[in-house]
Amino acid sequence: MLANLFSAPMNMSSNVLVYFCTWNYADTGIPMSLLFPLLQVSSGISWIISILCTPYLLKKFSKKKLYILMCLLGAALNTVMYFAGYESMVVYMVLKFFANFPGGVCATLTTLLISDCVEYAEWKTGERTEGITFSITKLITKTSAALISSLTMFILASVNYDPTAMQKTLDAGGSIAGTYPEVLNMIYILMTLSLSAAFILQMIPMLFYKFEGEEQKKILDELNARRTNTDA
């Protein structure tokens, strides 16, 4: 649950995507109505592929090791994206496609890990609490998303983001990149480095996760034996 909570900064990327499509490519003349769905579809395809690949990756790595590996990979790819910039849309979209992959794997693993913890709680207490466990998880996700949305607007306001003034500059034939470089840079930071920070933050609790390997197998065997006796 802590790992899930610390992944909240990833929502910043989703929150500012519309701003990124509107302003960071404003000088190129590429319409937001084309760029926004294009990036959404690309991200969705990458996300689906990552979910489908997770079972195969779990044959090579434990859930904990795979989670940590994906966090490191996600942090690295998003940092590379920031320094590579977005001047070339092709380069940006290729990097973004691959940078989305670790997030999909981590999201899938989070659900699997919570399910494992429900098993552990049943072994420890004799009661299954999947209902309250997943309810709390959803509450954490929605609450953190709301907080991150507010934080996103606060951060943009700190660099004097003013869509009205920016639109006037654009209508007058001015350069958005030349007039508002701080705003565009902050938007891009929220699109990239905020994800790097989220990956590192959510990795930290996982370093202390111990319910895996032989210990997990032993506990699951005990649970199965209990259930068999109860059924009998």
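This passage describes the fold, cores, surface and selected residues of a predicted model of a protein.

The protein contains 11 helices and zero strands. From the N terminus onward, the order of elements is accordingly written α-α-α-α-α-α-α-α-α-α-α. The C-alpha trace spans about 80 × 30 × 30 Å along its principal axes. Of the 232 residues in the protein, 40% are buried. Among contacts with a separation of 6 or more, 79% are between residues 24 or more positions apart. The exposed surface of the protein comes to about 12600 Å², and 68% of this area is supplied by carbon and sulfur atoms.

The largest nonpolar core comprises 34 residues, and Phe-20 and Tyr-92 have the most contacts inside it. At least two residues of this core come from each of the helices α2 (10-24), α3 (32-57), α4 (63-84), α5 (89-125), α6 (130-158) and α9 (181-191). When neighbours within four places in sequence are left aside, the contacts of Tyr-92 are Phe-20, Tyr-25, Leu-39, Met-81, Gly-85, Tyr-86, Tyr-188 and Met-191. A second core, separate from this one, has 21 residues, including Met-10, Ile-68, Met-70 and Ile-219.

Ser-50 is located in helix α3. This serine has a relative accessibility of 0% and therefore counts as buried, the cut-off being under 20%. Not counting residues up to four places away in sequence, Ser-50 touches Phe-101, Gly-104 and Val-105.

Phe-211 is placed in the loop between α10 and α11 (213-231). Although the residue is in a loop, Phe-211 counts as buried because its relative accessibility is 7%. Outside its neighbours within four places in sequence, Phe-211 is in contact with Asp-116, Tyr-120, Gln-216 and Ile-219. One of these residues, Tyr-120, is 91 residues from Phe-211 along the chain, and the C-alpha atoms of the two are separated by 7.9 Å. Another, Ile-219, is included in the second core.

On the surface, a nonpolar patch is formed by Leu-2, Leu-5, Phe-6, Leu-72, Ile-200, Leu-201, Ile-204, Leu-207 and Phe-208. Together these residues have about 800 Å² of accessible area. Helices α1 (2-6) and α10 (193-206) each supply at least two residues of the patch. Leu-2, which is part of the patch, lies in helix α1. Its relative accessible area is 51%, so Leu-2 is classed as exposed, the cut-off being over 50%.

The structure holds zero disulfides. Cys-71 is in no disulfide, and the nearest cysteine sulfur to it, that of Cys-106, is 4.0 Å away. A disulfide is a covalent bond between the sulfur atoms of two cysteines. The closest cysteine sulfur to that of Cys-106 is in Cys-71, and because the distance is 4.0 Å, the two are too far apart for a bond; the cut-off for a disulfide is 2.5 Å. Both cysteines count as buried, Cys-71 at 0% relative accessibility and Cys-106 at 2%.

Methods
Residues are numbered from 1 along each chain as its sequence is written. This is a predicted model: local features need pLDDT of at least 70, side-chain atom pairs count only at pLDDT 80 or more; totals for chains, interfaces and linings use all residues. Side-chain values use heavy atoms; hydrogens and water are left out. A nonpolar core is a set of buried Ala, Val, Leu, Ile, Met, Phe, Trp, Tyr and Cys residues joined through side-chain atoms within 4.5 Å. Buried means under 20% relative accessible area, exposed over 50%, partly exposed in between (1.4 Å probe, protein chains only). Helices (H or I, at least four residues) and strands (E, at least two) are DSSP runs, numbered from the N terminus. Contact means heavy atoms within 4.5 Å. Patches are made of residues with over 30% relative accessible area and no salt bridge: like charges are joined within 9 Å, nonpolar side chains (Val, Leu, Ile, Met, Phe, Trp, Tyr) within 5 Å. Accessible areas come from the Shrake-Rupley method with a 1.4 Å probe; for residues, only the protein chains shown count as cover. A salt bridge is a side-chain nitrogen of Lys or Arg within 4 Å of a carboxyl oxygen of Asp or Glu.
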